[in-house]
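Work through the two exercises below with the sequence and the structure open. Each task is followed by a solution in steps.

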Amino acid sequence: MENDELLDCLVIGGGAAGLTAAVYFGRYKRRAVVLDDGGSRLQRIPRTRNVPGFPDGIEGPDLLRRMREHAARYAVPAEQTRVRSLRRLDDGTFRAESAEGSWRARFVLLATGARDVEPEIDGIAEALKVGQVRYCPICDGFETQRQRVAVLGRAGHGLRESLFIANWDNQVTWLSMATQEEVGAPDLARLREAGVRIADSPPHRIDCGVDGVGVRVELQNGQVLEFDTLYPALGLVTACELATALGARARDNGQLEVDAHQQTTVDGLYVAGDVAVDLNQISVATGHAAIAATAIHNRL
Ligand SMILES: Cc1cc2nc3c(=O)[nH]c(=O)nc-3n(C[C@H](O)[C@H](O)[C@H](O)COP(=O)(O)OP(=O)(O)OC[C@H]3O[C@@H](n4cnc5c(N)ncnc54)[C@H](O)[C@@H]3O)c2cc1C
């Protein structure tokens with residue numbers, strides 16, 4: 001279905017950033033539409049405890065439902081669809097296409113987020129729900145106090161995350177995937193100082209929630225380790241393709257380069273949330289969206 005109306009802004013992605021932008025556009029009385037394929041990282045949060053205004057925390061799916069309800073209050077249409085291409089037309093407007101239709105807009109706000117690289121663990125979805133697997137120490141490192149914590153990741157990301165998590169009163173073991181030889185003496189000293197142990201051999205198999213054990217890691221040398229929580233530190237894949245296909249500049253990690261108003265290097269194309277930053281936080285995503293939506297409103 002071809003949508004003839006020229007929108008003020010097309011919002012691609014309906015998670016924390018996209019839905020916040022929808023509220024702003026609705027309240028600015030602008031014509032905006034949100035296109036979303038339903039994969040927000042919010043859905044994977046068992047209970048977030050660092051979103052302002054929720055002192056007892058809130059489950060991610062509940063927060064997402066409330067954010068959708070909030071956007072709907074201002075009658076901003078949201079469609080469930082996956083955008084597969086974004087082009088710039090000769091008249092300077094943008095055209096997005098999905099299997100369900102096409103949309104044209106003067107501005108685009110891309111809020112497509114990022115996806116966690118997951119380790120191969122049976123029942124990982126259930127383990128995530130009960131906090132045996134966690135992805136975001138900034139969000140929930142506080143909850144690891146007095147726990148035995150494993151961090152799975154190579155030198156670089158895995159090492160940084162191990163040091164970060166060791167800040168709480170816990171016992172951290174780095175499952176370095178045979179990369180500790182790449183670590184220089186100063187970093188090894190920092191790990192030692194922080195009390196981080198390094199597993200003797202790479203993990204062979206990881207099980208969660210079996211026989212009452214939180215996380216059971218069998219190493220390649222046969223040794224078995226038990227933990228309360230595992231943090232995979234394998235990185236994120238940023239959903240930046242729609243922007244880079246238009247020529248927007250991205251850093252090596254896929255995050256899009258932006259100016260102070262969240263505009264990419266393509267005029268009229270703005271981004272918000274995890275697709276643009278490595279501080280993957282709800283408050284950052286909503287802040288980006290407020291900045292970008294207001295900048296777009298001021299240019300219309
Ligand atoms: C397990 C876990 C726990 C977390 N805990 C916390 C926490 O406690 N506190 C906190 O602040 N943050 C937490 N986060 C991070 C937080 O979820 C993200 O930072 C936040 O959701 C980012 O918002 P976003 O809008 O950028 O991306 P998302 O919320 O992921 O939304 C992006 C949306 O765009 C859609 N999309 C992508 N490509 C397309 C396309 N081509 N067409 C249509 N739609 C598309 C996606 O499917 C998705 O619905 C956690 C994340 C995880 C995984």
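**Exercise 1. The ligand site**

Determine which helices and strands supply at least two residues each to the shell around the ligand, then describe the shell and its polar contacts.

Solution. The model is predicted.

Step 1. The elements that each supply at least two shell residues are α1 (16–27), β2 (32–36) and α8 (282–299).

Step 2. Count the shell: 32 residues surround the ligand, and the closest are Asp36, Asp37, Ser40, Asp274 and Ile282.

Step 3. Sort the shell by residue class: 12 are nonpolar, 13 polar and 7 charged.

Step 4. Look for polar contacts, that is, pairs of N or O atoms within 3.5 Å. Ser40 places a polar side-chain atom 2.7 Å from a ligand oxygen atom. Two backbone cases can be added: a backbone N or O atom of Ala16 is 3.2 Å from an oxygen atom of the ligand, and a polar backbone atom of Asn280 is 3.4 Å from a ligand oxygen atom.

Step 5. Assess burial: the ligand taken alone exposes 1000 Å², and the protein buries 97% of that.

**Exercise 2. A sheet of 3 strands**

Find the strand order of the open sheet that contains β11, β12 and β13, and identify its edge strands.

Solution.

Step 1. The order is β11-β12-β13, and the pairing is antiparallel.

Step 2. β11 (203–210) and β13 (224–227) each pair on one side only, which makes them the edge strands.

Step 3. Neighbouring strands of this sheet are turned by 20° against each other on average, with direction ignored.

Step 4. Examine one pair: β11 and β12 (residues 213–219) run antiparallel and are joined by 6 bridges. Ile206 has Val217 in β12 as its bridge partner.

Definitions and conventions
Residues are numbered from 1 along each chain as its sequence is written. This is a predicted model: local features need pLDDT of at least 70, side-chain atom pairs count only at pLDDT 80 or more; totals for chains, interfaces and linings use all residues. Side-chain values use heavy atoms; hydrogens and water are left out. A residue is near a molecule or strand if one of its heavy atoms lies within 4 Å of it. A polar contact is a pair of N or O atoms within 3.5 Å; within protein, one must be able to donate a hydrogen and the other to accept it, and residues adjacent in sequence count only if both atoms are side-chain atoms. Accessible areas come from the Shrake-Rupley method with a 1.4 Å probe; for residues, only the protein chains shown count as cover. Helices (H or I, at least four residues) and strands (E, at least two) are DSSP runs, numbered from the N terminus. Ala, Val, Leu, Ile, Met, Phe, Trp, Tyr, Cys and Pro count as nonpolar, Asp, Glu, Lys and Arg as charged, and the others, Gly among them, as polar. Two strands pair if DSSP finds at least two bridges between them. Axes are lines fitted to C-alpha atoms, for helices over the stretch in contact, and angles run from 0 to 180 degrees between N-to-C directions.
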